[in-house]
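Q: Could you walk me through one part of this structure at close range? I would like the setting as well as the details.

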Amino acid sequence: MSKNLSFIQPRLKHWQTLTTLMVVGVIVLSSGADKSIHTNLFSIQPAIAQRITPGDVWQKVYQQLPNLPRENNYISKENGKVAENNTLVNRLIKYHIYTKGRAPIYRLDWKLTLADYLGANEIIYDTSYPGNDSLRENPLEGDRKAISRLTRSQRDALVQVLVNIFNPTSQNTLSPNSNTTANPSTSTTPQPPQRGGAELLK
């Protein structure tokens, strides 16, 4: 009996060691896979940011929409001079991407951001609004008024220009330079009436 036990015990230790090594291997491999998936998922957005910076975008927007208000007469806290490059569109882009974490390549996300400015979606907090920390006066109230003065077609054109710049392959809608107005002939089915905040997202 004792001979049998002395024969079995080394084999049991051998199998235990193998089992332990297999479990450790599976854990290491699975954690590596998770890490690579995580890296791939979160490297998509920075890739867009590397190609296009908000500083480039706001200038391109004003090139295509020269009549858009600039709202760039605020004084810099740093040097006491007018911060000409701190424009409405620059702040809008920073709020959209960095404050709200919304994708810059989808029309709906930009419409939600504009709805924030119009008070029809999420609250914009003064303390986290772009420009609050760098300008002597928080530009939020002035930016809200500037966005509210835009017509629906101007807001649509702004959204389309932003999407086209961030995602050039998606230019499949109306040209942003055209006067975009509602065309009754394009709708074949009656649309239910829309009220309140939903009206702003049409």
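A: Happy to; here is a close look at helix 7, with the chain around it and a nearby topic in the loop between helix 3 and helix 4.

First, some ground rules. This is a predicted model, in which local features need pLDDT of at least 70 and side-chain atom pairs count only at pLDDT 80 or more, while totals for chains, interfaces and linings use all residues. Residues are numbered from 1 along each chain as its sequence is written, and side-chain values use heavy atoms, with hydrogens and water left out.

The protein chain has eight helices and zero strands, where helices (H or I, at least four residues) and strands (E, at least two) are DSSP runs numbered from the N terminus. Of its 202 residues, 31% are buried, meaning under 20% relative accessible area with a 1.4 Å probe, protein chains only; over 50% is exposed, and in between is partly exposed. Among contacts (heavy atoms within 4.5 Å) with a separation of 6 or more, 61% join residues 24 or more positions apart.

Now to helix 7 itself. Helix 7 covers residues 152-166, and its 15 residues reach 21 Å from first C-alpha to last, close to the expected 21 Å; that expectation is 1.5 Å times one less than the number of residues. Because 11 of these 15 residues are buried, helix 7 is largely enclosed by the rest of the structure. The buried set includes Arg155, then Ala157, and runs on from Leu158 through Val159, Gln160 and Val161 to Phe166.

Gln160 deserves a pause. This helix 7 residue is buried, with a relative accessible area of 3%. Its side chain makes a polar contact of 2.4 Å with that of Arg107; such a contact is a pair of N or O atoms within 3.5 Å, where within protein one must be able to donate a hydrogen and the other to accept it, and residues adjacent in sequence count only if both atoms are side-chain atoms. Gln160 and Arg107 are 53 residues apart in sequence, with their C-alpha atoms 6.9 Å apart in space.

For another buried spot, turn to the loop between helix 3 and helix 4, where Thr87 lies. Thr87 has 0% relative accessibility and counts as buried. Leaving aside residues up to four places away in sequence, Thr87 touches Trp58, Tyr62, Arg70, Glu71 and Asn72. Glu71 is found in that loop too, between helix 3 (54-64) and helix 4 (88-99). Although Glu71 is not a glycine, it has a positive phi of about 50°.
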